[in-house]
Amino acid sequence: MKFVYDTGLRHAIFEHARLRGTWDNHGRHSPIWSERPMQQTTGRDGAITYEAEVPLGDADFGKEFRWEVVLDGPLGLDRNGVFTEQPGPEHDLLFRRFTLERHTPREQRYYLTHLRRLGAQKYFAADGGPPGISFAVWAPNAQSVEVVFGSLENGYIANDGSGIDLSRPTFTLHRMQDGVWKVDPEDDPRLGRFSDFVGAPYMYKIQKEGGEFAYRTDLYSRSQLGTGDENPRGEPFQKSPRELDGVVSCSLVLDFDVVYADKRHSGPSAQAISEEEFWQSEFCHATPLPSRIDDLVIYELHIGSLGYGQVRPGNFEDAISLIPYLVELGINAVELLPIMESNGTKTWGYGNSHHFAIESSAGGRDQFRRFVRACHQRGIAVIVDVVYNHYVPDGDRAQWHYDSDREENNIYYWYQGKTSDYQSPDGGYVDNLSSGWAPRFHEQMVRTLFISSAVALVTEFHVDGFRVDQTTSMHAYNSLHADGRSVPEANLAGAKFLRELSRTLRMVRPATILTCEDHSDWVLVTEHPDGAGLGFDATWYSNFYHHLSGDTGRGAECANLLVTAGRGGNGELAMDLFAGALAATGRKTVVYHESHDEAGNSEHSQRTLMAAIAAPRGAAAPTGELRKFAESRCRFAAGLALLSAGTPMFLMGEEIGASKDFKFDNFLEHREDLQAERVGAGRYLFRFYRDLIRLRQRHHACAAPNIEIVYTHNADRIIAFRRWKGPENYLVIATLSDHGWPDGYELASDKLLDGQWREIFTSDAACYGGDGVSNEREPIVASEGRLKLKLPARGFVVVRRLPT
């Protein structure tokens with residue numbers, strides 16, 4: 001029996017591979033594992049593989065064998081390289097198994113990823129000559145599959161076949177194992193030169209389970225041709241690909257081992273350099289990348305909201321132009337709203353269709369590579385928001401009914417039971433509180449598609465980390481569409497997927513940053529997968545935002561600090577209730593006072609500047625004294641987030657006092673001119689953010705998980721908390737009082753550390769637009785649990801304990 005460990009990776013990141021298995025049991029009841037070396041080879045697809053053979057005889061028929069692969073690699077020595085869990089609820093059964101029968105294939109192969117297994121791939125000649133091309137697609141219910149080519153003039157093939165380039169041949173794919181169909185030069189010599197196909201638009205013509213034909217895009221496509229918004233819905237299309245939605249357009253054959261010199265690759269004549277040459281200038285020793293999540297200050301960025309003054313959405317070229325602005329601001333990580341191919345151009349990107357293709361209207365894969373390289377050269381890490389809890393809502397030509405019209409065989413979607421079990425055929429689909437039905441996570445091919453796409457972002461684009469959208473939808477929220485009953489097996493499968501995802505990414509690049517949007521408060525979300533955890537470094541902490549800003553409409557359940565203060569009066573605020581949320585920030589959280597979901601998109605939310613004065617929806621940005629008033633509260637909110645014990649993040653525009661609602665359906669009309677505002681009305685806030693970010697990065701205690709609430713006073717609207725690391729101690733005293741205590745306020749708490757303290761920051765400095773209330777030149781002494789210092793209205797001060 002031949003055993004193959006197929007990494008799907010072009011470069012060898014593992015060594016000393018060993019095959020372990022149970023073939024030497026000799027009748028023992030408990031499995032005895034033996035080990036033998038594996039040979040490193042390169043597959044015909046260019047992927048690094050490891051192979052070994054084990055002799056099995058007639059006496060072994062009917063026996064079950066288990067096997068795994070142990071490797072040395074980036075994660076360390078002697079690491080199990082099999083991450084696909086066995087069926088069932090157990091999380092630690094990480095091995096492959098088979099029962100030897102006379103019909104059993106004589107090769108057992110495990111794919112770490114499908115990066116080079118599926119899609120349009122190079123096929124390297126055995127004699128070392130130029131590579132050919134192979135096409136492979138997963139369509140387990142199909143009766144037949146062909147690859148047909150479209151035209152660069154329109155980039156679309158209609159249901160009647162119009163749009164097919166008749167000058168190119170059609171290639172028939174052959175059924176392989178696991179429901180995969182494939183054709184390569186050994187099947188058809190006309191596929192012998194990969195370069196002849198580069199830049200060619202193509203689709204799969206699939207004869208579905210019921211016999212009808214459909215044209216489908218390649219879900220492993222590295223690029224989609226369309227860059228517009230129009231969906232012809234199967235009708236003939238005669239316009240330019242610039243008008244065509246990339247989701248339904250032809251896929252493009254692409255050499256993804258090179259980087260093209262121009263913005264859009266245009267076929268074999270386009271000038272290109274190797275990816276190794278492209279990445280040579282990626283890093284600068286003077287501006288190293290942050291390596292720990294605790295060290296990050298994250299700027300949430302939507303590419304489409306750039307390009308102020310243009311009629312088009314923003315693109316990666318606009319993002320590259322923004323980098324000097326971000327460097328001056330001082331952030332060291334950008335978190336991009338989803339950038340994978342999604343429906344249309346005027347979108348936040350949460351309706352993904354092709355998880356290997358960078359949104360073509362934003363500039364595509366090579367422009368994104370240029371953006372990542374430019375960020376890394378300036379010491380900025382790149383985190384990508386990825387969406388695995390649902391697909392594009394209108395998934396025709398993509399996932400929907402890919403190879404069968406039977407709901408039970410809708411291969412990318414979870415369907416519970418049979419259609420005969422329900423009054424309506426859609427009753428068996430699974431809802432998960434997202435904008436689409438749940439993916440079929442019990443299917444390994446579906447899980448591997450998502451995992452492989454994440455590995456591609458790490459290996460092909462050098463992405464530093466991920467924010468996984470709404471993980472609660474995958475492991476907790478699944479319910480039957482017919483009647484709302486919970487589907488626990490779907491929750492278990494979702495958790496299985498997330499463990500496999502984190503294990504694989506850590507194996508390929510251990511420093512990968514993993515955060516998620518998770519509302520379950522489940523402690524295992526941030527625990528290691530070996531202990532049944534999901535493997536994330538931190539979760540988005542939405543409750544901090546809701547307590548601080550109060551956009552939920554839930555009344556006294558939340559502290560609602562900013563909203564309550566913005567409504568006027570100087571009455572009590574629930575500082576003690578907010579203190580609980582602040583104290584919890586040290587539990588592996590990403591903390592924010594504004595995010596894309598809560599800046600006007602949700603019912604009660606607004607931009608911080610507008611919430612600070614309870615401005616009505618659609619109101620103009622405040623000016624004069626009213627703006628000064630609002631900005632002081634913005635500084636309070638930003639200070640509590642940036643000085644909390646979590647990893648701080650804020651939405652683009654907060655640093656200049658953005659005032660327009662940030663919504664998924666009108667962001668183009670509400671774009672803000674960041675560069676102009678930075679030197680205009682937003683100059684005070686920008687400087688405040690810049691200086692506070694530098695303070696956090698300069699003082700290591702501010703990035704530690706240690707936090708203690710020292711004092712709260714609801715009537716005085718005051719909260720004080722301590723941050724420390726080793727001998728370093730800092731105290732943050734913040735208030736939303738409208739009058740402040742310019743003559744001094746006395747804190748009384750047995751948690752105060754005695755000694756001398758010195759002010760190192762005040763949010764009320766004149767350079768931030770404040771009134772200049774400060775303790776800079778005055779001694780601050782804490783004794784017997786009491787400390788007196790000046791406090792600005794709607795602001796905070798940071799004091800440092802002096803060594804004794």
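Me: In which strand is the place of histidine 16, and what makes a stretch count as a strand?

Reply: Histidine 16 has its place in strand S2, which covers residues 15-21. Strands are DSSP runs of E with at least two residues, whereas helices are runs of H or I with at least four, and both are numbered from the N terminus. This is a predicted model, in which local features need pLDDT of at least 70, side-chain atom pairs count only at pLDDT 80 or more, and totals for chains, interfaces and linings use all residues. Residues are numbered from 1 along each chain as its sequence is written, and side-chain values use heavy atoms, with hydrogens and water left out.

Me: Why is histidine 16 called exposed?

Reply: Its relative accessibility is 52%, and exposed means over 50% relative accessible area, with buried under 20% and partly exposed in between (1.4 Å probe, protein chains only); histidine 16 therefore counts as exposed.

Me: What is notable about the phi of histidine 16?

Reply: Histidine 16 is not a glycine, yet its phi is positive, at about 55 degrees. Most residues other than glycine have a negative phi. Leucine 433, also not a glycine, has a positive phi of about 65 degrees; it sits in the loop between strand S26 (430-431) and helix H4 (444-459), and its relative accessible area of 67% makes it exposed.

Me: How do you know that a polar contact links asparagine 714 and methionine 575?

Reply: A polar atom of the asparagine 714 side chain lies 3.0 Å from the backbone nitrogen of methionine 575. A polar contact is a pair of N or O atoms within 3.5 Å, where within protein one must be able to donate a hydrogen and the other to accept it, and residues adjacent in sequence count only if both atoms are side-chain atoms. Asparagine 714 belongs to the loop between strand S33 (707-713) and strand S34 (718-725). Leaving aside residues up to four places away in sequence, it touches Glu572, Leu573, Ala574, Met575 and Asp576, contact meaning heavy atoms within 4.5 Å.

Me: What makes the residues lining the largest pocket nonpolar, polar or charged, and how many are there of each?

Reply: Ala, Val, Leu, Ile, Met, Phe, Trp, Tyr, Cys and Pro count as nonpolar, Asp, Glu, Lys and Arg as charged, and the others, Gly among them, as polar. The lining of the largest pocket therefore divides into 16 nonpolar, 14 polar and 20 charged residues.
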